[in-house]
Amino acid sequence: MGALVTTGDERFYAELGELTRFEDVASLAAYTPAPSSWVVVITDVRGSTKAIEAGRYKDVNALGVASIVAVRNAIPDVEIPFVFGGDGATLLVPGSRLDAIKPALRGLQKTAQSAFDLGLRAGLVPVSTLRESGHEVLVARYRASSDAVFAMFGGSGLSEAERRVKDPELGPTHEVGEGAASADFTGFQCRWQPIPARHGEVISLLVQARASDRASAAAIYGEVVRRLEGIVEGGGRPVAVESLRLATQTKLFEAEAKLLSGRARGLGFAWRRLQASTVTSIGRVLLAKGWNALGFPGATYRESVAANTDYRKFDDTLRMVLDVSATQRRAIEAYLAAEHEAGRLVYGVHAADAALMTCIITDLQANHVHFVDGANGGYALAAKQMKAQLKVA
């Protein structure tokens, strides 16, 4: 079979203009409707709250990021937008490539069961179906650093896609179905120690506007972003150069070893764990010495990791992981509680003493991105609070 040729439709996301200020993600003018031929992919760890309460938040995070890795590796010639949600991920893919994407999602589900003993929901909802039912899917590109671009989503399409995939009646119609199962997780890495809060707490924050139209919702999100920036000095970035430490404990390599071996024990698992541990030991030396060797830029890697972190995003819901003081967290919660009481939004906040980071490494020099969540449950437990508010809204 010859090499696939990327069509004009498949270049949709790659050719979008870029935002350079996060506050602009609330502007309707920043977004472009997704092609009707594209498809929303929803992945979600089943029973994630119980798994997190059992201390398995690292496994849950790993499967969320693995969803992105598997789909990207299935169609490496197409740049696709995605967002990490803590216990899953949402991606937007061209419908023309579903023959490659479906086996990758089935392989992901198989690995989730065999290596983690966790079920993984994977659903496909066409943009055309969402649009026909009055739900738009809007996309923007936000440049977080010179090397990292992250997708932002507007409209109600992603929320509706998630509702459909999780609905007991509609869900089966959106499943990937039976067939070949093969996922490539090359590039997945999980090798940093938990990142301690510098100001006292790391909060995982979710905010969803309650409005009857997109313009009103955009105004609510814009005001929330401005108020949060006013409360949190310096932007609240949870990953700082001085806080980054490569892992030393063997157990911190286990999620990566499970994923790449497809097993929770045995020789393949042990080999992957040893491999990650050995390479990380070399990395620690290169970072300590500031040496560039073996393709690893030890002199600048911490700086580029801190710059390429995905700690603020928007996908019908404002999602942030912020390093704050207890006073700042109380001010944020007081503001959001007042806005919730006024009927303008629902929200969830989870506080921890550290952040967790899971990575996709395509190229150590520049092409690497790092997904941040709060320790001990982060986004998933913040979502539990927000869902409780939605039930009584």
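## Strand β3 and its neighbours

How many bridges join β3 to strand β5, and in which sense do the two run? There are 7 of them, and β3 (residues 38-45) runs antiparallel to β5, which spans residues 88-94. One pair to look for is V41, which sits opposite L91 in β5. Keep in mind while browsing that this is a predicted model.

β3 also pairs with strand β6 (residues 120-126), again in the antiparallel sense and over 7 bridges. Here T43 is the residue to pick out, as it stands opposite A122 of β6. As background, strands of a sheet pair through backbone hydrogen bonds, either parallel or antiparallel.

So how enclosed is β3? Buried means under 20% relative accessible area, and 8 of the 8 residues in β3 are buried, so the strand is largely enclosed by the rest of the structure. Both of its faces are covered. On one side you'll find W38, V40, I42 and D44, and on the other V39, V41, T43 and V45, all of them buried.

## Helix α7 and what covers it

Now for helix α7, residues 254-261. It is mostly covered, with 6 of its 8 residues buried. The buried ones are A255, E256, A257, K258, L259 and S261. What lies over them includes α2, α3 (98-116), β9 (188-189) and α8 (267-289). Right after the helix comes G262, which has a positive phi, near 75°.

Two packed helices are described by the angle between their axes and the distance between the axes. For α2 (residues 57-74) and α7, the angle is about 45° and the axes are 9 Å apart. The two helices are therefore oblique to each other, and α2 passes α7 in a right-handed crossing. On the α2 side the contact uses K58, D59, A62, L63 and A66, while α7 brings A255, K258 and L259. Sorted by class, the residues of this contact come out as 5 nonpolar, no polar and 3 charged.

## The four-stranded open sheet

Elsewhere in the chain, 4 strands make up an open sheet, in the order β15-β16-β11-β17, with antiparallel pairing. Which strands stand at the edges? They are β15 (312-314) and β17 (345-352); each has a single partner strand, so one side of each is left without a neighbour in the sheet. From one strand to the next, the twist averages 15°.

At the β15 end, the pairing with strand β16 (residues 318-324) is antiparallel and covers 3 bridges. F314 is worth a click here: its bridge partner in β16 is L318.

## Helix α6, across the sheet and against α10

Helix α6 (residues 214-231) lies across β11 (201-209), β15, β16 and β17. Relative to β11, α6 runs at about 160°.

α6 also packs against helix α10 (residues 326-341), at an angle of about 155° and with the axes 10 Å apart. Why are α6 and α10 described as roughly antiparallel? Angles over 145 degrees count as roughly antiparallel, and the pair is therefore put in that class. The crossing of α6 past α10 is right-handed. The contact is made by E223, V224, R227, L228 and I231 from α6, and by Q328, A331, I332 and Y335 from α10. By class, that gives 6 nonpolar, 1 polar and 2 charged residues.

## Two residues to look up: F84 and G8

F84 belongs to strand β4 (residues 82-84). Is F84 buried or exposed? With 1% relative accessibility, F84 counts as buried. Leaving aside residues up to four places away in sequence, F84 touches N61, G64, V65, I68, K313, F371, V372 and D373. As for distance, the C-alpha atoms of F84 and L267 are separated by 31 Å, with their positions 183 residues apart along the chain.

G8 is found in the segment before β1 (18-19). It is partly exposed, at a relative accessible area of 43%. G8 and N376 are 368 residues apart along the chain, and their C-alpha atoms are separated by 43 Å.

Key: Residues are numbered from 1 along each chain as its sequence is written. This is a predicted model: local features need pLDDT of at least 70, side-chain atom pairs count only at pLDDT 80 or more; totals for chains, interfaces and linings use all residues. Side-chain values use heavy atoms; hydrogens and water are left out. Axes are lines fitted to C-alpha atoms, for helices over the stretch in contact, and angles run from 0 to 180 degrees between N-to-C directions. Angles under 35 degrees count as roughly parallel, over 145 as roughly antiparallel, 65 to 115 as roughly perpendicular and the rest as oblique. A crossing is left-handed if the near helix is turned anticlockwise from the far one by less than a right angle, and right-handed if clockwise. Contact means heavy atoms within 4.5 Å. Ala, Val, Leu, Ile, Met, Phe, Trp, Tyr, Cys and Pro count as nonpolar, Asp, Glu, Lys and Arg as charged, and the others, Gly among them, as polar. Buried means under 20% relative accessible area, exposed over 50%, partly exposed in between (1.4 Å probe, protein chains only). Two strands pair if DSSP finds at least two bridges between them.
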